[in-house]
Amino acid sequence: MDLKQDTLLIVDDEELIRQLLRVKFSGENYQCLTAGNGIEAIELIKGIQIAVVLLDINMPGKTGIETLQDIKTLKPDTEVIMATAINDIEIALKCLRLGAYDYVIKPFNLEELIHITKRAQEHRRLILENRSYQLELEKKVAERTEELRQALDKLKAASLDTIFRLSRAAEYKDEDTGMHIRRIGRYAAQIAETMGLPAEQIESFLYAAPMHDIGKIGIPDHILLKPGTLTPQEWEIMKQHTIIGANILEGAASEIIKQGAVIALNHHEKWDGSGYPNGLKGENIPLAGRITAIVDVFDALTSKRPYRLQSFSVPEALKMIEENVGKQFDPEIYRALQGSLKNILAIKEHH
């Protein structure tokens, strides 16, 4: 049997009624099936796509209301028209609350029943069309969202590559700069992760911390690359790299570059207020500046620098940092550095 979407199931314990309705609806181009009770109806519903069910309420065994509930559980899209010889408004309302499309009274007005059935069929068709449209729309939205995500990922990658190259350009004359700025970002992100900061903030540190010394591009080479100790006048000029860096980066639309401006300005502030350029103290120093300050010093101590003949070992560097906790460094961030040490050393080894 070629069962179509407009298949009609007639459920009634009276065979005469089933046959009468079958003949009538077959003449209206419906594919008609019949069931003598609720159990038979449910078995048919399970295996066949049925558009509309004409369901008698008062049947022996499984009642029409129980059958309605089962139909709506199995096939919520199937429309159900309830039929009964008893005109009871409470039962009618209950059927409608359970999902019935309509409620008709026996003896049937066949023309009216056909009209109601066609309305139910049309209602179902519109629901299915709308659902299909929604699914197609969701599919297109998902596809477009993925296209936009990929485009944004490419744009982000290009932007971050530009940020890295600009950061590297600022310190190009330092032979270890390329790896230094990679390490600084990864160290800062690792400490942020150890501190339990949100993922977006961790990512921000990863890409913004390498911009900490971008202001060095404005410092004369004879000061920037001078071996040994700077004079007081030279030191005042060197300290200006924080302000220069912030000025270069300020006003950007990118949140990462905004964070870079904060880091550039504040990564030489000290916990006790003795840092520069603004002498900020304690938690008045932005968190990004405090984190970058400690990883910048750790990396400087364990790397070659123009002003120092050799680097310090990791234990020596940690001892020197520990001696300045509460003075130069935030105690909480130092604890995070200790908790991150295994991963930080792995980053150092890799870069």
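A residue counts as buried when its relative accessible area is under 20%. By that cut-off D56, with a relative accessible area of 4%, is buried. The model described here is predicted. The secondary structure of the chain comes to 14 helices and five strands. Of its 351 residues, 42% count as buried.

**Overall shape**

- The chain has a radius of gyration of 38 Å, whereas a compact globule of 351 residues would have one near 20 Å.
- Along the principal axes, the C-alpha trace spans about 110 × 35 × 35 Å.
- If contacts are counted between residues at least 6 apart in sequence, 61% of them join residues at least 24 apart.

**The sheet**

- The five strands make an open sheet with parallel pairing, and their order is β2-β1-β3-β4-β5.
- Strands β2 (31–35) and β5 (102–105) are at the edges, and each of them pairs on one side only.
- On average, neighbouring strands of the sheet are turned by 20 degrees against each other, with direction ignored.
- Four bridges link β4 (residues 79–84) to β5, and the two strands pair in the parallel sense.
- One residue pair shows this register: T84 has I105 in β5 as its bridge partner.
- Helix α1 (residues 15–26) lies across three strands, namely β1 (7–11), β2 and β3 (52–56).
- The helix α1 runs at about 170 degrees to β2.

**The surroundings of D56**

- D56 is found in strand β3.
- Which residues does D56 contact, leaving aside its neighbours within four places in sequence? They are V11, D12, D13, G64, A83, T84 and K106.
- With K106, the side chain of D56 makes a polar contact of 3.2 Å.
- T84 thus appears twice in this account, as a contact of D56 and as the bridge partner of I105.

**Helix α4 and its two ends**

- The N-terminal end of helix α4 (residues 89–97) is capped by D88.
- In this cap, a side-chain oxygen of D88 lies 2.9 Å from the backbone nitrogen of E90.
- Just after α4 comes G99, which takes a positive phi of about 110 degrees.

**Aromatic pairs**

- The structure holds three aromatic pairs, and two of them are described below.
- A pair of aromatic rings is described by the distance of the centres and the angle of the planes.
- F25 and Y30 form an edge-to-face pair, with 5.6 Å from centre to centre and 80 degrees between the planes.
- F25 counts as buried because its relative accessibility is 0%, and Y30 counts as buried because its relative accessibility is 7%.
- W235 and Y276 also form an edge-to-face pair, with 5.8 Å from centre to centre and 85 degrees between the planes.
- W235 lies in helix α9 (residues 232–239), while Y276 lies in the loop between α11 (255–266) and α12 (287–301).
- The pair of W235 and Y276 therefore ties together parts that are 41 residues apart in sequence.
- Is W235 buried or partly exposed? W235 counts as partly exposed, because its relative accessibility is 38%.
- Y276, at 11% relative accessibility, counts as buried.

Methods. Residues numbered from 1 in each chain as written. Predicted model: local features only at pLDDT ≥ 70, side-chain atom pairs only at ≥ 80, totals over all residues. Heavy atoms only, no water. Pairing = 2+ DSSP bridges. Axes fitted to C-alpha atoms, helices over the stretch in contact; angles between N-to-C directions. Contact = heavy atoms within 4.5 Å. Phe/Tyr/Trp six-rings, centres within 6.5 Å; stacked < 30°, edge-to-face > 60°. Buried < 20%, exposed > 50% of the residue type's maximum accessible area, 1.4 Å probe, protein only. Polar contact = N/O pair within 3.5 Å; in protein donor to acceptor, adjacent residues only side chain to side chain. Rg over C-alpha atoms; globule rule 2.2 N^0.38 Å.
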